[in-house]
Amino acid sequence: MIKNDLLLRALNNETVNRPPVWMMRQAGRFLPEFRNLRDKYDFFTRCRTPELAAEITLMPIRAIHTDAAILFSDILVVPQAMNIEVQMKEDVGPWLPNPVRSAKAVEQVIVPDIQETLGYVMDAIKLSKEMLNDEVPLIGFAGSPWTIFCYAVEGKGSKSYDVAKSFCFTQPEAAHALLQKITDTTILYLKEKVKAGVDAVQIFDSWGGMLSPEDYTTFSWNYIKQIVDALADETKVIVFAKGCWFAINDMAQSKVSALGVDWTCSPRNARYLSGGKITLQGNMDPARLLSPIPDIQKMVKQMIDAFGKDNYIVNLGHGILPSVPVDHAKAFVEAVKMYGS
Ligand code: CP3
């Protein structure tokens, strides 16, 4: 039994005294303890060493007392396991030296044996669960097929993802074959994560909002939905599709347990689009954590009032920024815990 199971209760649509709170990208960047570790070990060493990954996973629980932990890892360990080389370059971010841009290149991409290639993630989950000692739930995650596809085809981050889009629009067969391989791998991967002990999973569709509503259905949602359908009987699935308010209505008809919302969609609009009942997660502008603490406290209260305390998970509208002072992040979490008292 998990002692603080608020997150699971919100995902189950149970009534709560206050909503749970966690922050996307809480395991890393903004914490000084994390930056110390970063000076000693490179990025993928931190991901591949269960002791380091588990230690980083627990850092925000110890430092700011969120109601859930998210495993320290990265969405890009999946393409790595699929035979696509991924490096993490200082000050550049992800760097894929051989981007996948032809039918022939798609053929080289494999649906791997998960234990063989990503067993280290499962070991990190087991160790994190042990160290959490059932204090709070542990969230596992994966990138959406479209978001992984963006990196696989572009070879790096991009402002427009025009190379990835052009691949979809000019070589749709090859593009769909790659999206399907990523989907099949992600389903196997998340099922293993559930077996290893995660209490819920989140799918990050960080670049879904780059697509038009119609293309979103074709190149992103149709694949996310396969993952949701495959996992829904085994665990709670949260889908965070940034910039995709236009898809909330369709997504709410699926077997998801919660939908993430970014700060460009008002709570009221998100409730309207989702039909009112489904659990929503979000959505403060991450840059708002740079505001003075009294403003953060006020905005948290307004946000909970607007979403409603039930069927709601307090979060940011995207990942926490590395520049956020720890006491501001702490104030955000504490303001949620004070709600209603
Ligand atoms: O939520 C958490 O804290 C768990 C850990 C986590 C990381 N990446 C660690 C990380 C999670 C959930 C991710 C997801 C991720 N990774 C996404 C989806 C969420 C989002 O922010 O949109 C994406 C698009 C990536 C790809 C990625 N990884 C980028 C673009 C970068 C470089 C920019 C950055 O975020 O600093 C990374 C590197 C990365 N992943 C870091 C961390 C802590 C920082 C690099 C480092 O520590 O050296």
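User: Two strands pair if DSSP finds at least two bridges between them. How many bridges join β4 to β5?

Analyst: There are 5 bridges joining β4 to β5, and the two strands run parallel. One of the pairs puts F141 opposite its bridge partner Q202 in β5. Strands and helices here are DSSP runs numbered from the N terminus (E, at least two residues, for strands; H or I, at least four, for helices).

User: Before we go on, what kind of model is this?

Analyst: This is a predicted model, where local features need pLDDT of at least 70, side-chain atom pairs count only at pLDDT 80 or more, and totals for chains, interfaces and linings use all residues. Residues are numbered from 1 along each chain as its sequence is written, and side-chain values use heavy atoms, with hydrogens and water left out.

User: Cool. What's the strand order in the open sheet?

Analyst: The open sheet has 7 strands in the order β1-β4-β5-β6-β7-β8-β9, with parallel pairing. β1 (69-70) and β9 (312-316) stand at the edges with a single partner strand each, so one side of each has no neighbour in the sheet.

User: What holds strands together in general?

Analyst: Strands of a sheet pair through backbone hydrogen bonds, either parallel or antiparallel.

User: And how do β1 and β4 pair?

Analyst: β1 and β4 pair in the parallel sense over 2 bridges, and I139 in β4 is the bridge partner of I70. Further along, 3 bridges join β7 (residues 258-260) to β8 (residues 279-284), again running parallel. There, G260 stands opposite Q281 in β8.

User: Is β4 mostly buried or exposed?

Analyst: Buried, meaning under 20% relative accessible area (exposed is over 50%, partly exposed in between, with a 1.4 Å probe and protein chains only). 6 of the 6 residues of β4 are buried, so the strand is largely enclosed by the rest of the structure. L138, G140 and A142 point one way from β4, while I139, F141 and G143 point the other way.

User: Which helix lies across β4 and β5?

Analyst: Helix α10 (residues 172-196) lies across β4 (138-143) and β5 (200-205), running at about 170° to β4. That angle is between N-to-C directions, from 0 to 180 degrees, with axes as lines fitted to C-alpha atoms, for helices over the stretch in contact. Contact means heavy atoms within 4.5 Å.

User: New topic: how many salt bridges are there?

Analyst: The count comes to 10. A salt bridge is a side-chain nitrogen of Lys or Arg within 4 Å of a carboxyl oxygen of Asp or Glu. One of them links D305 and K301, with the closest N and O atoms 2.8 Å apart. D305 and K301 are 4 residues apart in helix α14 (residues 293-307), which means they are separated by about one helical turn. D305 is partly exposed at 41%, and K301 is partly exposed at 46%. Elsewhere, salt bridges that share partners join D5, R9 and E14 into one network.

User: What are the N to O distances there?

Analyst: R9 to D5 is 3.8 Å, and E14 to R9 is 3.6 Å.

User: Last one: where does R46 lie, and is it buried or exposed?

Analyst: R46 lies in helix α3 (residues 43-48). R46 is buried and has no salt bridge; the nearest side chain of opposite charge, D42, is 6.3 Å away. For charge, Lys and Arg count as positive and Asp and Glu as negative, with His and the chain ends not counted.
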